[in-house]
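Trainee: I am new to this structure and would like a close look at one part of it. Could you start with how strands pair, and then lead me from one place to the next?

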Amino acid sequence: MPARPESTVDLRSDTVTRPTPAMRRAIAEAEVGDAVLGDDPTVAELERVAAELVGKEAALFFPSGIMANAAALLVLGRPGTEAVIEASGHILNYEEGAAAAWGGIQLHAVPTPDGLLTPELVAERIRPPSPYVPQTSLLCLENTHNSAGGKVLPLDRMGALAGVARERGVRVHLDGARLSNASVASGVAMRDYAAHADTVMFALSKGLGAPVGSMLAGDAEAMERAWRVRRRLGGGMRQAGILAAAGLYALRNHFPRLEEDHRRAKELAAAVSSVEGVAAAEPETNIVMIDLREPRLDPTALLAALERRGVRMVQFGPRRLRAVTHLDVDDAGIEHASSAFSDVVGELLA
């Protein structure tokens, strides 16, 4: 594990991880070529491994998950149509309106109490054929669901949702940025989740710990079109094997340790929930949502006080904080964060 300054426990996101020494060696020793010209063997190997992992014909290496999601929507959707999505979904709330900006696709938000769509809700939101209303071309699913606290969308629910979509001629994209976490938490293979989607994106730079990159996978025809979209969006990379090597190392070595992140998230949530005026639901994966129930607890002041004690979290709503465990946070880090949180809340309520 990379050395962590003892004074800093960074729980803002699992994207803050640094390459491990072994990953750095893989990067340094990577065989490279020109990926845009198809000459980079490490990129080609990463794409082969990723496609096999999710059971698809082909996969592409993207600089980011946002670009990969945008490419999927441009490939599957059509300008002037709608994509149905849960109201707190990442594609809707955190991707700069990419679907509309690049693809002329309107996002149709479906509110839910827990972040998880139901077949009944989706069936209601898919527009019937009519010359007077926008037509639905796409259903977007998210697994795990970031804003819902890293909840896993169960496999049977995914199958039912995809079934409703396909009955109505609607394609399905899976934003699986943290699909690796869903797989480890549920014991369900990533390919089983991905089987219910036409395209699937999953990140290398979150829980798996690579410094950059996400994968998009689907059938060969869809990925051929996505290759052109990626280049059009500026995502063509040259000697990208240096980056792909980190992703390959992550896929081959970092899955088993995701269980440690999930365990530490549960320990942090339990410790936080024991503090007066604060509540945190037991997390399913590596995201801890912390609700400030006591009105005297100001989120900005609390975060600033935590920062002074070497603990970093982010605000994720008017009175909610988010903490995400990852490979740079060990047991000592969780103990320090828990103790600092308790002390800071005590001081603010004194």
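Mentor: Gladly! Two strands pair if DSSP finds at least two bridges between them. Helices (H or I, at least four residues) and strands (E, at least two) are DSSP runs, and they are numbered from the N terminus. This is a predicted model, where local features need pLDDT of at least 70 and side-chain atom pairs count only at pLDDT 80 or more, while totals for chains, interfaces and linings use all residues. Residues are numbered from 1 along each chain as its sequence is written, and side-chain values use heavy atoms, with hydrogens and water left out.

Let us begin at Ile290. This residue stands opposite Leu321 in E13. Ile290 falls within strand E10, which covers residues 287-292, and strand E13 covers residues 320-324. E10 and E13 pair in the antiparallel sense, and five bridges hold this pairing. As background, strands of a sheet pair through backbone hydrogen bonds, either parallel or antiparallel.

Now widen the view to the neighbours. E10 and E13 belong to an open sheet of four strands, with the order E9-E10-E13-E12 and antiparallel pairing. At the edges of this sheet are strand E9 (278-280) and E12, each of which pairs on one side only. You can find strand E12 at residues 314-315.

Stay with E10 for one more residue, because it is a good place to meet burial. Val288 has its place in this strand. Is Val288 buried or exposed? Val288 has a relative accessible area of 0%, so it is buried; the word means under 20% relative accessible area, exposed means over 50%, and partly exposed lies in between (1.4 Å probe, protein chains only). For a sense of distance, try picking Val288 and Thr118 together. Along the sequence these two are 170 residues apart, and in space their C-alpha atoms are 24 Å apart.

From E13, look back to the loop that comes before it. This loop, between strand E12 (314-315) and strand E13 (320-324), holds Phe316. Phe316 takes part in an aromatic pair, and the structure holds one such pair. The partner of Phe316 is Tyr94: the two ring centres are 6.0 Å apart and the planes meet at 35°, so the pair is tilted. The cut-offs here are that rings of Phe, Tyr and Trp (its six-membered ring) pair if their centres lie within 6.5 Å, with planes under 30 degrees apart counted as stacked, over 60 as edge-to-face and the rest as tilted.

What does this pair connect? Tyr94 sits in the loop between helix H4 (90-93) and helix H5 (98-103), and Phe316 in the loop between E12 and E13, so the pair ties together parts that are 222 residues apart in sequence. Tyr94 has a relative accessibility of 39%, so it counts as partly exposed.

The loop between H4 and H5 also holds Glu96. Glu96 has a relative accessible area of 76%, so this residue is exposed. Its backbone deserves a glance too: the phi of Glu96 is near 60°, a positive value in a residue other than glycine.

For our last stop, turn to strand E5, residues 136-142. Seven of the seven residues of E5 are buried, so this strand is largely enclosed by the rest of the structure. E5 has parallel pairings with two strands that we can visit in turn. Strand E3 (residues 82-86) runs parallel to E5, and four bridges join them. One place to look is Glu82, whose bridge partner in E5 is Thr136. Strand E6 (residues 171-175) also pairs with E5 in the parallel sense, over five bridges. Here you can pick out Leu138, whose bridge partner in E6 is Arg171.

Following the chain onward from E5 brings us to a loop. The loop between E5 and H7 contains Thr144. A cis peptide bond joins Asn143 to Thr144, with omega at about -5°.

So, to gather the route in a few words: we started where Ile290 stands opposite Leu321, passed through the tilted pair of Tyr94 and Phe316, and ended at the cis peptide bond between Asn143 and Thr144.
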